[in-house]
Amino acid sequence: MRVVPRKPLGFWERLYLPAVWGGLKVTLRHFFRRKVTLQYPEERWTVPEGYRGAPYLVRDQDGNTKCVSCQLCEFVCPPKAIRIVPPGPDGPPADRPNAEKMPLEFEINMLRCIFCGLCQEVCPEEAIFLMKDYSLTGTSREEMIFNKEKLLALGGVHAGIQKWKHKLEEARAQEDFPVRT
């Protein structure tokens with residue numbers, strides 16, 4: 001064990017007046033600067049471009065669910081926050097044409113989600129998007145597990161590419177094409 005000798009405090013150091021005066025100087029210097037504090041509920045933070053917020057499911061322009069229960073987002077999710085239950089062979093039919101199946105259950109645990117954006121990148125149907133939402137609140141753990149209905153309500157309608165509508169038009173155009181033998 002080594003003992004480090006300390007120099008005894010001087011008169012002014014024992015009064016702590018220089019330290020108090022130094023703190024007041026810092027306070028006065030910051031008092032006249034522009035304030036950067038936001039009054040949160042009234043003033044909202046402007047979200048920068050490229051911000052990755054909470055993932056939500058979206059509907060197409062016709063109001064149909066875009067998710068086809070491929071489960072790619074569930075497999076790619078690092079913290080395993082997404083849970084999808086496919087309909088199975090005797091499940092309900094899809095609510096839109098050119099869709100083979102729709103998920104029976106779709107849940108995202110927002111407490112577990114790390115907002116990485118991998119689910120949005122891997123989705124072939126463009127059914128899941130990251131919204132610019134940064135104030136997720138809940139009073140219990142159960143409230144922070146968002147089901148399919150809540151995710152669709154929060155996601156809303158996305159005016160994106162309707163690739164299956166174009167595929168349907170292409171298929172109809174091919175049916176009308178005259179075949180010569």
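This briefing walks through the overall build of the chain, its sheet and three of its residues.

The model is predicted, so to speak of a local feature takes a pLDDT of at least 70, and side-chain atom pairs count only at pLDDT 80 or more, while totals for chains, interfaces and linings use all residues. Residues are numbered from 1 along each chain as its sequence is written, and side-chain values use heavy atoms, with hydrogens and water left out.

**Overall build**

- The chain holds six helices and five strands; these are DSSP runs, with helices being H or I of at least four residues and strands being E of at least two, numbered from the N terminus.
- Going along the sequence, you meet them in the pattern α-α-β-α-β-β-α-β-β-α-α.
- The chain has a radius of gyration of 29 Å, whereas a compact globule of 181 residues would be near 16 Å. That radius is taken over C-alpha atoms, and the globule rule is 2.2 Å times the number of residues to the power 0.38.
- Along its principal axes, the C-alpha trace spans about 110 × 45 × 35 Å.

**Surface, contacts and charges**

- Buried residues account for 25% of the 181 in the chain. Buried means under 20% relative accessible area, exposed means over 50%, and partly exposed is in between (1.4 Å probe, protein chains only).
- About 13800 Å² of the chain is exposed, and carbon and sulfur atoms supply 58% of that. The areas come from the Shrake-Rupley method with a 1.4 Å probe, and for residues only the protein chains shown count as cover.
- Take the contacts (heavy atoms within 4.5 Å) between residues at least 6 apart in sequence: 74% of them join residues at least 24 apart.
- There are 27 positive and 23 negative charges, and their mean positions are 16 Å apart. Lys and Arg count as positive and Asp and Glu as negative, with His and the chain ends not counted; each charge is placed at NZ of Lys, CZ of Arg, CG of Asp or CD of Glu.

**The sheet**

- Three strands make an open sheet in the order β2-β3-β5, paired antiparallel. β2 and β5 sit at the edges with a single partner strand each, so one side of each has no neighbour in the sheet.
- Two strands pair if DSSP finds at least two bridges between them. Four bridges link β2 (residues 82-85) to β3 (residues 105-109), and two link β3 to β5 (residues 145-146).
- Between β2 and β3, R83 has E107 as its bridge partner, and I82 has I108.
- I108 also has a bridge partner in β5, namely F146.

**Three residues to look at**

- N109 lies in strand β3 and is buried, at 19% relative accessible area. Not counting residues up to four places away in sequence, N109 touches A81, M144 and I145.
- L111 is in the loop between β3 and α4 (118-122), and its 47% relative accessibility makes it partly exposed. Leaving aside neighbours within four places in sequence, L111 is in contact with R141 and M144. L111 and L136 are 25 residues apart in sequence, with 9.4 Å between their C-alpha atoms.
- H158 is found in the loop between α5 (148-155) and α6 (163-176); at 24% relative accessibility, H158 is partly exposed. Beyond neighbours within four places in sequence, H158 is in contact with V58, R59, D60, Q61 and F129. Y16 is 142 residues from H158 along the chain, and their C-alpha atoms are separated by 63 Å.
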